[in-house]
Amino acid sequence: MSDDQNPAPVQYAQLHWDNDGQPLSSVFGDVYFSKANGLEETRHVFLQHNQLAQRWQALPETAHFTIAETGFGSGLNFLAAWELWLSSAPASAQLHFVSVEKFPLSKNDLSRALSLWPQLQFLSQQLIDAYPCIVGEGFHRLSFMDGRIKLTLIINDAACGFAQLLATTDPLYSCYSPTVDAWFLDGFAPSKNPHMWSEDLFSRIHQLSKTGTTAATFSAAAIVKKGLKFAGFTLEKVAGFGRKREMLKAIMPAHQQDYFYPQPAYKSASPFPSPWSINASPNFHAKKEAIIIGAGLAGCTSAHALAERGWKITLLERNNIIASEASGNPQGVLYAKLSHKEEAQAAFNLASLQFAQSFYSSRWIATGEQTGVLQLAHCAAEQLLQTQLREKFSAATELVQFVSAGRASELAGTSLAHNAIHFPNAGWINPAKLCAQLITHPLIQVIANTTAVDIAYNGENWCINNNAELQAPVVIIANARDAHYFTQTRHLPIKSIRGQITYLPATETSKKIKIVICSEGYIAPANEGIHCTGATFNLKEESTALRAEDHHTNLENLREALSDMADEWGNLDNNLLGGRVAFRCTLPDYLPAVGPVADEIPMLDSFAPLRKNARAFIQGTGKYLPGLYLNIGHGSRGLAYTPLCAEILAAHINNESQPIASELVTALNPARFLIRDLIKNKR
Ligand SMILES: Cc1cc2nc3c(=O)[nH]c(=O)nc-3n(C[C@H](O)[C@H](O)[C@H](O)COP(=O)(O)OP(=O)(O)OC[C@H]3O[C@@H](n4cnc5c(N)ncnc54)[C@H](O)[C@@H]3O)c2cc1C
Ligand SMILES: C[S@@+](CC[C@H](N)C(=O)[O-])C[C@H]1O[C@@H](n2cnc3c(N)ncnc32)[C@H](O)[C@@H]1O
């Protein structure tokens, strides 16, 4: 990221096209793939010399395999790997393809480049359709074929991007990030792009590799040989593709943790953040079985993400039907507040909104309506925010558009007095329908009418309510504000916020509303003759009864936004209006808590020096309860947050590379509150 408040703008690839329609980089003066036959070159260099077909045929059911690549370019290597995966890996296994790209192709260029390979069209069209709207540096996780193929596209310089996959760049803790099985070292030729093939890049490659990790590269240049040796690989020169005499293949014989720094170079203060977020009890669970407590959006998305990975899930719900508490409103808005700032909240909101839009792309029809969402600049603060957002998002028109009041009115089907931000790919969803759809997977079993009261560990399994039928090596607490009742998570600063929505009968005039309109509150287009509007916010209030004054608040907020319809519902008696009350679960920094549950007392003991010195050098990882995880705190944004959080949680549990940068993974770590308390000397 750049040093100032704004992220470095994306520099798209500048291409020219030769007479055969092949792309070349105008900046680097190099080709994207062999002019002779790019696809065959990929197969020869990267697939064959990483022995992928043989390795994939030997994979066990539900295994996952990770390829990391320098330079995504046109995605040809990705598509070739995907194609081979389908013909050689077990159908239940997952391919993770992580690629770092500093100069992404525009969607048009990607599409033009991939049209060179009609034989891959079935796959390339899926990639083109899902290719993300790139706002700046950051991660994009795309999922294909019901999660069988996962692409993590990291927009950044290669060395920086890979550093963001590490739990920490502190070399003392390299052994906690070995997620890569095979490297595709692409990128323009070292003679044309020496900056990329840096010592930093090879350090990251070392840190992300493990015993048996392989690498292949089209280049046999000295800088590449030296770098791979430096990273601990054993090299072999083999025949290159076509007219290229040589290329390199490599293998990591035995990974050494202290390879670079046998002794820590620091004694009392560390240049790296203290390693509290590293979970030293990695979960190589032989038995892929988990119990999830709570069948709302958090529980159902988590169940879906793990079932996709071959986990057998028992979903416990205290009510007789799923999604009947916060996730029970008939219409929820897919929305997340964007910000021009470079802080965790802003980065997470953007990442989760983009992930959610992609997640819902095939689910709108059955669960809601992709009407688009308008966020009105209805007050001075919102007007200022929208001005600030313009610079960062002006090119991201697939994600947001800045529209005048006139254009907003056209989109809405009713007159609006304010300029607005338009999210063309958002809309409203019925969360309960979504939850029901997500848990139809054969590996998910729901047990309703069952309240988890007690969770206890017997050294192998977590057991719920001392019931031998309810035990598993992994338990996920996804029961929102009620996580407070479990001994293991009682220390979390959970806040409960009461909210009431109002059901408004559609009128002839209001039926014209064709988009979700958000200002102080929101109103969704009518569904089955009813609009949902709301919602109120009341901290520390527990009443579940509908209140006339809350309906009044919702209607007043609406009046402000929809001047033309101000009197449409004026005659209704607030005492008779329908609606619904539920409780949001929020944490003080407004980020969810997603990840392993800290072992409270040992964690406080281990990191006690932070009380005196926030940068104290502490040797030792965080203390976590083995197999116990949390996914709560989605506040008012469950529809945007929960799909990405489920993916993050699944990556923790299944030992995969994360779909977001490690800084953000740490920002969501539930143990952050204990660490903050230590630093503030509150504990
Ligand atoms: C009025 C209102 C309006 C909202 N509007 C929007 C919106 O427009 N867009 C949006 O994105 N978000 C909205 N939200 C927020 C969104 O609803 C939540 O973020 C989301 O539903 C949280 O999902 P969850 O699974 O964490 O919690 P919940 O849906 O509350 O699920 C928790 C589940 O755990 C179960 N449970 C609790 N304790 C136990 C136990 N001990 N054992 C077994 N089961 C247990 C509960 O019964 C419940 O089913 C709104 C929230 C409210 C209250
Ligand atoms: C030869 S092309 C890669 C071709 C690609 N693998 C494919 O399948 O189409 C090299 C890529 O490396 C990218 N690149 C160059 N320098 C980079 C850097 N420092 N960090 C990340 N990517 C870089 C280029 O933008 C380009 O897309």
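Let me start with ligand 2: it has 22 residues around it, and those that come nearest are Gly71, Ser74, Glu101, Asp157 and Asp186. Keep in mind that this is a predicted model.

By class, that shell divides into 9 nonpolar, 8 polar and 5 charged residues. Two elements, α3 (76-88) and β4 (94-101), each contribute at least two residues to the shell.

Now the polar contacts. Glutamate 101 has a side-chain N or O atom 2.5 Å from an oxygen atom of ligand 2. On the nitrogen side, a polar backbone atom of alanine 158 is 2.9 Å from a nitrogen atom of the ligand. Asparagine 193 places a polar side-chain atom 2.9 Å from a nitrogen atom of ligand 2 as well. As for burial, ligand 2 on its own has 600 Å² of accessible area, and the protein covers 98% of that.

Next, the sheet. There are 8 strands in an open sheet with mixed pairing, and the order is β5-β6-β4-β3-β7-β8-β10-β9. Which strands stand at the edges? Those are β5 (138-144) and β9 (234-239); each has a single partner strand, so one side of each has no neighbour in the sheet. From one strand to the next, the twist averages 20°.

One pair in detail. β8, residues 214-217, and β10, residues 246-251, are antiparallel, paired over 4 bridges. Within this region, alanine 215 sits opposite alanine 250 of β10.

Last, a helix on the sheet. α1, residues 38-47, lies across β7 (182-185), β8, β9 and β10, and runs at about 145° to β8.

Key: Residues are numbered from 1 along each chain as its sequence is written. Chains are lettered from A and ligands numbered from 1 in the order in which they are written. This is a predicted model: local features need pLDDT of at least 70, side-chain atom pairs count only at pLDDT 80 or more; totals for chains, interfaces and linings use all residues. Side-chain values use heavy atoms; hydrogens and water are left out. A residue is near a molecule or strand if one of its heavy atoms lies within 4 Å of it. A polar contact is a pair of N or O atoms within 3.5 Å; within protein, one must be able to donate a hydrogen and the other to accept it, and residues adjacent in sequence count only if both atoms are side-chain atoms. Accessible areas come from the Shrake-Rupley method with a 1.4 Å probe; for residues, only the protein chains shown count as cover. Ala, Val, Leu, Ile, Met, Phe, Trp, Tyr, Cys and Pro count as nonpolar, Asp, Glu, Lys and Arg as charged, and the others, Gly among them, as polar. Two strands pair if DSSP finds at least two bridges between them. Axes are lines fitted to C-alpha atoms, for helices over the stretch in contact, and angles run from 0 to 180 degrees between N-to-C directions. Contact means heavy atoms within 4.5 Å.
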